[in-house]
Amino acid sequence: MKRKNQKKAKKISKKACEAVEKKLSSLPTSCTSCGAAFDKNDFSVIDNWKVSIHGDSFQLTCPKCE
Ligand SMILES: [Zn+2]
């Protein structure tokens with residue numbers, strides 16, 4: 001019984017992962033507050049930006065607006 005429950009939990013987390021991946025592809029390309037351009041390919045920039053999820057949409061905040 002215990003093993004069955006674990007399997008179910010794993011399945012759910014995988015599904016959640018897929019949902020997040022799907023959402024990431026629809027990530028905004030600019031700061032939600034000031035509209036500054038966000039370069040997804042620049043990893044040094046990504047570290048400073050803040051991504052938060054509000055219900056079904058992403059909110060992207062640049063370092064200046066944080
Ligand atoms: Zn901003």
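Reader: How many bridges join strand E1 to E2?

Author: Bear in mind that this is a predicted model. E1 covers residues 50–54, and E2 covers residues 57–61. The two strands run antiparallel, and the number of bridges joining them is five.

Reader: Which residue in E2 does lysine 50 stand opposite?

Author: Start with the layout: E1 and E2 form a hairpin with two residues between them. Serine 52 of the chain stands opposite glutamine 59 in E2. For lysine 50, the residue opposite in E2 is threonine 61.

Reader: What phi does glycine 55 have in the turn?

Author: Glycine 55 sits in the turn of the hairpin that E1 and E2 form. Its phi is positive, at about 65°.

Reader: How many of the five residues in E1 are buried?

Author: Burial is scarce in the chain as a whole: buried residues make up 2% of its 66 residues. To be buried, a residue needs 20 or more other C-beta atoms within 10 Å of its own. E1 is hardly covered, and its count of buried residues is zero.

Reader: Is glutamate 66 buried or exposed?

Author: Glutamate 66 is found in the segment after E2. The cut-off for an exposed residue is 12 or fewer other C-beta atoms within 10 Å. Glutamate 66 has 10 of them, so the label is exposed.

Reader: Which residues is glutamate 66 in contact with, leaving aside its neighbours within four places in sequence?

Author: A spatial link alone isn't enough here, as a contact needs C-beta atoms within 7 Å. The C-alpha atoms of glutamate 66 and serine 33, 33 residues apart along the chain, are separated by 9.4 Å. With those sequence neighbours left aside, the contacts of glutamate 66 are Lys50 and Thr61.

Reader: Why is serine 30 exposed?

Author: Serine 30 is found in the loop between H1 and helix H2. An exposed residue has 12 or fewer other C-beta atoms within 10 Å. Serine 30 is exposed because its count within 10 Å is 12.

Reader: How far apart in space are serine 30 and leucine 60, C-alpha to C-alpha?

Author: Along the sequence, serine 30 and leucine 60 are 30 residues apart. In space, C-alpha to C-alpha, the separation is 7.0 Å.

Reader: Where is confidence lowest in the chain, going by element?

Author: The chain averages a pLDDT of 80, and 79% of the residues score at least 70. The highest mean, 87, belongs to strand E2. At the other end, with a mean of 71, is helix H1.

Reader: And in what order do the elements run from the N terminus on?

Author: There are two helices and two strands to place. From the N terminus on, their order is α-α-β-β.

Note on methods
Residues are numbered from 1 along each chain as its sequence is written. This is a predicted model: local features need pLDDT of at least 70, side-chain atom pairs count only at pLDDT 80 or more; totals for chains, interfaces and linings use all residues. Helices (H or I, at least four residues) and strands (E, at least two) are DSSP runs, numbered from the N terminus. pLDDT is the predictor's confidence in each residue, from 0 to 100. Two residues are in contact if their C-beta atoms, placed from the backbone, lie within 7 Å. Two strands pair if DSSP finds at least two bridges between them.
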